[in-house]
Amino acid sequence: MAARYPSPPGTVSLREAVYDLFESLRAVFATRLELVALEGRRAGIALAQMLLVGIFGAILGISAWLVAIWGITWGLMALGLAPWLAIVLVVAANLIGAWACVAAVKKLAQRLLFPATLAHLHVRNPPGAATPSPGGGADTPSGTI
């Protein structure tokens with residue numbers, strides 16, 4: 001501050017000190033916002049790259065799966081199975097695998113609901129709520145958040 005003001009530092013007015021403080025805060029916030037903007041741009045580019053690599057990986061995985069299924073079908077036909085039966089067996093195996101994947105996703109989706117957190121936050125009788133009757137009729141408040 002001594003270089004900015006010709007008078008000694010002890011004689012700086014309150015207004016000048018507050019102005020310096022606000023200028024410093026503005027500079028800090030401007031720097032932080034610029035950093036957030038740059039990191040946001042970098043994250044967006046990384047997300048686009050991840051999506052592109054994921055699409056290429058999916059294409060490669062699907063083509064490898066099709067070749068594997070073709071090989072299994074061809075192998076079953078080489079063992080003497082009728083072509084239609086080999087195809088039906090391979091399609092059935094794929095459908096069973098797809099069903100198992102869907103069942104696993106449905107089971108895992110329950111974890112997205114934060115069951116332990118909801119159970120922890122569950123309020124049986126919040127203050128001011130009507131006390132539920134022992135029968136628990138339909139018009140009785142549930143007492144949950």
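Leu14, Val18, Leu21, Phe22, Leu25 and Phe29 make a nonpolar patch on the surface, with an area of about 620 Å². Keep in mind that this is a predicted model.

Take one residue of that patch, Val18. Where does Val18 lie? Val18 is part of helix 1, which covers residues 14–78. Its relative accessibility is 34%, so Val18 counts as partly exposed. The reasoning is short: partly exposed is the range between buried, under 20%, and exposed, over 50%.

Now the chain as a whole. There are 3 helices and 0 strands. Read from the N terminus, the order of elements is α-α-α.

How many of the residues count as buried? The chain has 145 residues, and 6% of them are buried. The exposed area of the chain is about 12400 Å², and 74% of that area comes from carbon and sulfur atoms.

Next, contacts along the chain. Consider the contacts with a separation of 6 or more. Of these, 9% are between residues 24 or more positions apart.

Last, the aromatic rings. Searching the whole structure gives 1 aromatic pair. Its members are Trp70 and Trp74, and the pair is stacked. The ring centres are 6.2 Å apart, with 15 degrees between the planes. The planes count as stacked because the cut-off for that is under 30 degrees. Why are Trp70 and Trp74 separated by about one helical turn? Because they are 4 residues apart in helix 1. Are these two buried or exposed? Trp70 and Trp74 are both exposed.

Technical notes
Residues are numbered from 1 along each chain as its sequence is written. This is a predicted model: local features need pLDDT of at least 70, side-chain atom pairs count only at pLDDT 80 or more; totals for chains, interfaces and linings use all residues. Side-chain values use heavy atoms; hydrogens and water are left out. Patches are made of residues with over 30% relative accessible area and no salt bridge: like charges are joined within 9 Å, nonpolar side chains (Val, Leu, Ile, Met, Phe, Trp, Tyr) within 5 Å. Accessible areas come from the Shrake-Rupley method with a 1.4 Å probe; for residues, only the protein chains shown count as cover. A salt bridge is a side-chain nitrogen of Lys or Arg within 4 Å of a carboxyl oxygen of Asp or Glu. Helices (H or I, at least four residues) and strands (E, at least two) are DSSP runs, numbered from the N terminus. Buried means under 20% relative accessible area, exposed over 50%, partly exposed in between (1.4 Å probe, protein chains only). Contact means heavy atoms within 4.5 Å. Rings of Phe, Tyr and Trp (its six-membered ring) pair if their centres lie within 6.5 Å; planes under 30 degrees apart count as stacked, over 60 as edge-to-face and the rest as tilted.
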